[in-house]
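User: Please walk me through this structure. I would like short questions and short answers.

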Amino acid sequence: MRRAREAVRAQPADAVLAGLSMGAGVAGELLADRPGTGGLLLLHGTGGDPRSVPGGLPVQIHVGRADPMFPPATVAAWRDEMVAAGAAVELFSYPDVAHFFTDPGVPDYDETAAAQAWQRGLRFLEAQSGGRSTSVSNRSPAATRTSNGCPSP
């Protein structure tokens, strides 16, 4: 955590925190140190203690429904706790994909789900940046959002 805190120290206080897999937990842990965080973007895992969530915090999470490390019931319980704490959670759960579905170098990779996750994540970052320039690598164009937990077609 020391290295993560050092890495974000120079970032604006309202920067969006993002994490993948174990990094989702790291990003979520940083919420306690950064009450002005502009949002939380998580892929392949949950992160964030509801006690550290500023009211209204925009959160977007992308998980595979077939992920044994973050099963749907666990993700739903985390989402419910975050919402109860005041976060504005947008959950995307991708059917028939496992943990690292966005990584083309592993067997879990799913091209369609990965494209949707990256598109939605980029849209989330654009929305939270308020028109400011972002330093995110764009793998694909923006896509639609959904709030019902299912990817849009």
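The turns below go through the sheet, its helices and one side chain of this predicted model.

User: In what order do the 4 strands of the open sheet come?
Analyst: The sheet is open and its pairing is parallel. Strand 1 and strand 4 each have a single partner strand, so they stand at the edges. Neighbouring strands are turned by 10° against each other on average, direction ignored. The order is 1-2-3-4.

User: How many bridges join strand 3 to strand 4?
Analyst: These two strands run parallel. Glycine 64 stands opposite tyrosine 94 in strand 4. The number of bridges joining strand 3 to strand 4 is 7.

User: What angle does the direction of helix 4 make with that of strand 3?
Analyst: Helix 4 packs on the sheet. It touches strand 1, strand 2, strand 3 and strand 4. Its direction makes an angle with that of strand 3 of about 175°.

User: What span should the 19 residues of helix 4 have?
Analyst: Helix 4 covers residues 111–129. The end C-alpha atoms are 27 Å apart, and this agrees with the expected value. At 1.5 Å a residue, the helix should span 27 Å.

User: Which residue caps the N-terminal end of helix 4?
Analyst: Look for a side-chain oxygen by the backbone nitrogen of threonine 112. The two atoms lie 3.3 Å apart. At the other side, helix 4 is followed by glycine 130, with a positive phi near 60°. The capping residue is aspartate 110.

User: Which strands do the buried residues of helix 2 pack against?
Analyst: In helix 2, Ala24, Ala27 and Gly28 are buried. Seen down the helix axis, they fall within an arc of 100°, so they line one face. Helix 2 (residues 22–29) packs on the sheet, and its direction makes about 155° with that of strand 1. The buried residues pack against strand 1 and strand 2.

User: Is serine 93 buried or exposed?
Analyst: Serine 93 sits in strand 4, residues 88–94. Its relative accessibility is 11%. The cut-off for burial is under 20%, so 11% falls below it. Serine 93 is buried.

User: Which side chain does the side chain of serine 93 join in a polar contact of 3.1 Å?
Analyst: The contact is between two side chains. One belongs to serine 93, in strand 4. The partner is arginine 65.

Terms used
Residues numbered from 1 in each chain as written. Predicted model: local features only at pLDDT ≥ 70, side-chain atom pairs only at ≥ 80, totals over all residues. Heavy atoms only, no water. Buried < 20%, exposed > 50% of the residue type's maximum accessible area, 1.4 Å probe, protein only. Polar contact = N/O pair within 3.5 Å; in protein donor to acceptor, adjacent residues only side chain to side chain. Expected span 1.5 Å × (residues − 1). Pairing = 2+ DSSP bridges. Axes fitted to C-alpha atoms, helices over the stretch in contact; angles between N-to-C directions. Contact = heavy atoms within 4.5 Å. Arc of directions from axis to C-beta.
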